[in-house]
Amino acid sequence: MTITHNPEQNRFETVVEGETAHVDYILHDDSIALTHTIVPDKIGRRGIATELVKYAFEYAKEHGLAVKPYCSFVVAFLNKHESYQEQLKLNRP
């Protein structure tokens with residue numbers, strides 16, 4: 001699966017079987033708010049959302065951005081993957 005950053009639409013996305021799945025974000029000075037995770041039903045339940053969120057966290061880490069999880073899927077992801085929780089506090093004293 002190839003995931004790309006689409007800054008014009010403020011999202012990370014992938015196309016699977018002609019369907020686009022994405023994680024939307026709002027970029028702030030020192031943080032990135034992950035606001036929605038969308039995976040069409042046709043391609044759901046394949047781990048696509050998880051891979052998109054991992055990509056978003058890697059992007060945030062590479063750019064020194066704290067992650068603000070406003071999306072319920074991202075919150076659930078953090079509950080299952082505690083190692084990513086440290087990124088919630090990047091750039092904070």
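In this predicted model, Phe57 is buried, and Tyr84 is buried as well. The two residues form an aromatic pair, and a pair of this kind can be described with two numbers, since a pair of aromatic rings is described by the distance of the centres and the angle of the planes. For Phe57 and Tyr84 the centres are 5.2 Å apart and the planes stand at 70 degrees to each other, which makes the pair edge-to-face. Because Phe57 lies in helix H1 while Tyr84 belongs to the segment after H2, the pair ties together parts that are 27 residues apart in sequence.

This contact is one of six aromatic pairs counted in the model. Ring pairs also join Phe12, Tyr25, Tyr55 and Tyr59 into a cluster.

Helix H1, the home of Phe57, runs over residues 48–62 and therefore holds 15 residues, and from its first C-alpha to its last it reaches 21 Å, close to the 21 Å expected at 1.5 Å a residue. The buried residues of H1 are Ile48, Ala49, Leu52, Val53, Ala56, Phe57, Tyr59 and Ala60. What covers these buried residues includes the elements in the following table.

| Element covering H1 | Residues |
|---|---|
| Strand E1 | 4–6 |
| Strand E2 | 11–16 |
| Strand E3 | 19–27 |
| Strand E4 | 31–38 |
| Strand E5 | 66–69 |
| Helix H2 | 72–80 |

After H1 comes Gly64, whose phi is positive, near 65 degrees.

Where do the nonpolar residues gather? The largest nonpolar core has 23 residues, and those with the most contacts inside it are Phe12, Ile32, Leu34, Phe57 and Val74. At least two residues of this core come from each of E2, E3, E4, H1 and H2, and H1 gives the most, with seven residues. Phe12, which is also part of the ring cluster, touches Ile3, Thr4, His5, Ala21, His22, Val23, Tyr25, Ile32, Leu52, Tyr55, Ala56 and Tyr59, when residues up to four places away in sequence are not counted.

Is Ile26, a residue of strand E3, buried or partly exposed? Ile26 counts as partly exposed because its relative accessibility is 44%, a value that falls between the limits of 20% for buried and 50% for exposed. Leaving out residues up to four places away in sequence, Ile26 touches Ser31, Ile32, Ala33 and Thr35. Its C-alpha atom is separated by 19 Å from that of Gln85, a residue 59 places away along the chain.

How values were computed: Residues numbered from 1 in each chain as written. Predicted model: local features only at pLDDT ≥ 70, side-chain atom pairs only at ≥ 80, totals over all residues. Heavy atoms only, no water. Helix = DSSP H or I, 4+ residues; strand = E, 2+ residues; numbered from the N terminus. Buried < 20%, exposed > 50% of the residue type's maximum accessible area, 1.4 Å probe, protein only. Contact = heavy atoms within 4.5 Å. Phe/Tyr/Trp six-rings, centres within 6.5 Å; stacked < 30°, edge-to-face > 60°. Core = buried A, V, L, I, M, F, W, Y, C linked by side-chain atoms within 4.5 Å.
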